[in-house]
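Dear colleague,

I am handing over the structure below, and after it you will find my notes on what was found. Please read them with the structure open beside you.

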Amino acid sequence: MTYIIQRVAVIGAGTMGGGIAAHFANAGYQVDLLDIPAEGATVQERNKIVLGLWDRVKKARPSALFTADVADRVRIGNTQDHFDRLAQADWIIEVIIEKLDPKRELMERVDAIRKPTSIISSNTSGIPIHQIGEGRSESFRQHFLGTHFFNPPRYLKLLEVIPTPDTSPEVIAFVKQFATRILGKGVVVCKDTPNFIANRLGSFDGLYSLRYAIDNGFTVEEIDYLAGPLMGNPKTALFRLQDLVGLDIAMYVAKNLYDAVPDDESREVYRIPGAIQTMLDRKMLGNKTGGGFYKEVRQGGAREFWVLDLKTLEYKAPTRTAFPEVEKVKRTEPLGARMKALVNLPDSRAANFLWQTTANSLAYASRRVPEIADDLCSVDRAMRWGFSRAMGPFELWDALGVRETVQRMTAEGIEVAPWVHKMLAAGHTSFYKNMGSKLLAYAPVSGIYCPVEDDPLSINLNDLRHGGCELKRNDSASLMDLGDGVLCLEFHSKANALDDLIVQMGEYALEQLDKPQWVGLVVGNQGEYFGAGANVALMAMNVMAGQWDAISKMLRTGQSFMQAMRFSPKPIVAAPFGMTLGGCAEVALAASRIVASAETYMGLVEVGVGLIPGGGGCKEMVRRVVSPAMKTPNVDPLPFLERIFLQIGQAKVSTSALEAQSMGMLDEADLIVMHPDHLLGEAKELVLDLSSNYQPPVREKSVYAAGKPMLAALKMGIWQFQEAKQISEHDAKIARKLAYILCGGELSAGQWVDEQYFLDLEHEAFLSLLGEQKTIERIMQMLQTGKPLRN
């Protein structure tokens, strides 16, 4: 049957439950969030617990909510006065205390009130799912499964789905599809084993590395240097991650695992080390108690993070960590080649740590298959998506070379699963292999290679590149063929910063788009983020060389490219994600439509280096925010001008695509995509949808210039800021330039003008500010520190 989700109920409003409720609200759903009642005579008093917990979720940083208004979709209540609300819920999610009896008691109440088609799931991370559902009705058990979100639910991609033997296949398929398409999750279907996949393997990796560090005299700083991005892990590495999660939480998981896996041959790894138990006893739990493996210390007003001595459990000042042998290979790319070089370094402390932790992690993963999962791809995805690792264990093993590493492990007494030896004996030397355009993975149970499940909405540009779909390339950009007549302009410059080469490739893309075989263009990439702005360093060098004609031409060429995109006779869809700043935001604003990742942080931030948007950003904000309002008679333009003046003047960056829409950077017709892997696929689909009947905008006087009266009002505000010493004289100068542009100069009265009028104003202001010494200083400061200099 087809399930329709309109209302969701979450029972348990703690950190995880509140985060899950917030994320369903982010996706547009009405949510009931319930927790136990407090003592009190009135409903308001009995809601005290849930009110406090939900208030904490609303204040969380990073934010659990896309915008503050999203909180209005969540209706709070308690399980005494509002339990009947569950009768209307289409999906009921349990997130209460991690004890079996309270969960069973709750499920008995849910079974009595739920409607027959509602889905019920538990977010437990350690209790067997089938035990929670025991004794319930047949309908309940058919609609019951585990849904293990990772914290924080908004930001971590993994969702482990754990069916029971009674769960309906239709429910499993629906939850998987809904969580992928609507919630933006990477779904892995797991077996109902202790801690499922990610926490089972992740706990082993963390505790093995921790024990190795303690037993071999490593410092906290040394391990976090070795176990972070160097190995394809996040910057939190090992000890910073423990401080972030909370040592009590991490060790609670370890203790539960120790008790739950009596037959695990590596069970003793999960026993809490003595030094760690002492930290628990002393409440040295990490960030939440003010100190764990790191502690913030202020020395004469300066902030430092002191480091725990693992022998004495005393804090000491940070020191520089250096492993010369690692320095020689740490920049090797790709990751697989770097890891191969690292684990084969000549004998040293660092080399031994890297090899021993990697080898034992890979071997342990092999020994858990098929216990925790039948297929290797699920294991790799769980570890990548759950812990933001660059590679899963079997992907990494392939890169290291399976046969040679197994020989080394065996010689050192590291136990590898029998199925790996069997695979090698059969002449198979890798866990994954390509057959034509299909990726195959070895299946340990059957001993054959099986196709890896494709996501039809996922487009991988590197796969297309390897398949011969790169039509043209330079150092900063490529033109790709996405199929079905759709092109893709891909940035791959440093930080994806907009430069001359990107503009040249963009001009070439527009030339190709004129040909009849192409129906439209996507502007997107799959780097770390969409783009960090324009290459202002190049402009600064031209200023110092006195190359003003070159700078003017560069700016005009960029403006012309943006306008050619905007008025293209065929649809152009921008696909921003992550940081989308400055000139790269202007590229997105020039597109026919935007398909944005939900996690898009978009803003016109040029004032941070003493400039104003010069590629059409000011014009676009006037066109998008001020001009529509002025089509209504007798509307005062000042509130709309003040809004965009403050946004640009304060270099405001959205914290989500939904907030970018509220800022006027996305239109109501633009799309927001929850799943990052679907971004290019959805953008391509929109190009195809638009192409059948696309009508490009008409070049006309369509932008409202408010003129001198509104300029005077904005200047008064700038003067007040300056008088209050909230901005410097130079900041005021930048602000006056910005106000001049947004108002369309000193026209005697408001009037409609064409877009070029505003572009000319941007061009003049940008060049005049670029010549300021303070602007050059700010640019140089940004290049040196990554942070703009603020007066």
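**Val95 and its surroundings**

Val95 is buried, because its relative accessible area is 15%, which is under the 20% that marks a buried residue. Please keep in mind throughout that this is a predicted model. In the chain, Val95 belongs to the loop that leads from strand 4 (91-94) to helix 4 (100-113). Leaving aside residues up to four places away in sequence, Val95 touches Val10, Ile11, Gly12, Met16, Gly17, Ile20 and Asn123. Asn525, by comparison, is separated from Val95 by 430 residues in sequence and by 37 Å in space, taken from C-alpha to C-alpha.

**Strand 7 and its partners**

Strand 7 (residues 158-163) is largely enclosed by the rest of the structure, because six of its six residues are buried. In a regular strand the side chains alternate between the two faces of the sheet. In strand 7 both faces are covered, with Leu158, Glu160 and Ile162 buried on one side and Leu159, Val161 and Pro163 buried on the other.

Strand 7 pairs with strand 6 (residues 144-149) in the antiparallel sense, over five bridges, and Gly146 has Ile162 of strand 7 as its bridge partner. With strand 8 (residues 186-189), strand 7 runs parallel and is joined by four bridges; here Val161 stands opposite Val189 of strand 8.

**A three-stranded open sheet**

Further along the chain, three strands form an open sheet in the order 12-13-14, with antiparallel pairing. Strand 12 (432-435) and strand 14 (448-451) each have a single partner strand and stand at the edges, so one side of each is left without a neighbour in the sheet. On average, neighbouring strands of this sheet are turned by 40° against each other, direction ignored. Strand 12 and strand 13 (residues 438-443) run antiparallel and are joined by four bridges, and Met435 has Lys438 in strand 13 as its bridge partner.

**Backbone points to check**

Most residues other than glycine have a negative phi, and most peptide bonds are trans. Against that background, four places deserve a look in the model.

The peptide bond from Asn151 to Pro152 is cis, with omega near 0°, and Pro152 is found in the loop between strand 6 and strand 7. A cis peptide bond also joins Val369 and Pro370, where omega is about 10°; Pro370 sits in the loop between helix 15 (349-367) and helix 16 (376-387).

Asp484, a residue other than glycine, has a positive phi near 60° and lies in the loop between strand 16 (477-483) and strand 17 (486-491). With a relative accessible area of 57%, Asp484 is exposed. Ala495, which is not a glycine either, has a positive phi of about 60°, and its place is in the loop between strand 17 and helix 21 (500-513). Ala495 counts as partly exposed, at 31% relative accessibility.

**A nonpolar patch on the surface**

Finally, Leu244, Val245 and Ile249 form a nonpolar patch on the surface, which together offers about 260 Å² of accessible area. Of these residues, Val245 belongs to helix 10 (residues 239-245) and, at 42% relative accessibility, counts as partly exposed.

With best regards

Definitions and conventions:
Residues are numbered from 1 along each chain as its sequence is written. This is a predicted model: local features need pLDDT of at least 70, side-chain atom pairs count only at pLDDT 80 or more; totals for chains, interfaces and linings use all residues. Side-chain values use heavy atoms; hydrogens and water are left out. Patches are made of residues with over 30% relative accessible area and no salt bridge: like charges are joined within 9 Å, nonpolar side chains (Val, Leu, Ile, Met, Phe, Trp, Tyr) within 5 Å. Accessible areas come from the Shrake-Rupley method with a 1.4 Å probe; for residues, only the protein chains shown count as cover. A salt bridge is a side-chain nitrogen of Lys or Arg within 4 Å of a carboxyl oxygen of Asp or Glu. Helices (H or I, at least four residues) and strands (E, at least two) are DSSP runs, numbered from the N terminus. Buried means under 20% relative accessible area, exposed over 50%, partly exposed in between (1.4 Å probe, protein chains only). Contact means heavy atoms within 4.5 Å. Two strands pair if DSSP finds at least two bridges between them. Axes are lines fitted to C-alpha atoms, for helices over the stretch in contact, and angles run from 0 to 180 degrees between N-to-C directions.
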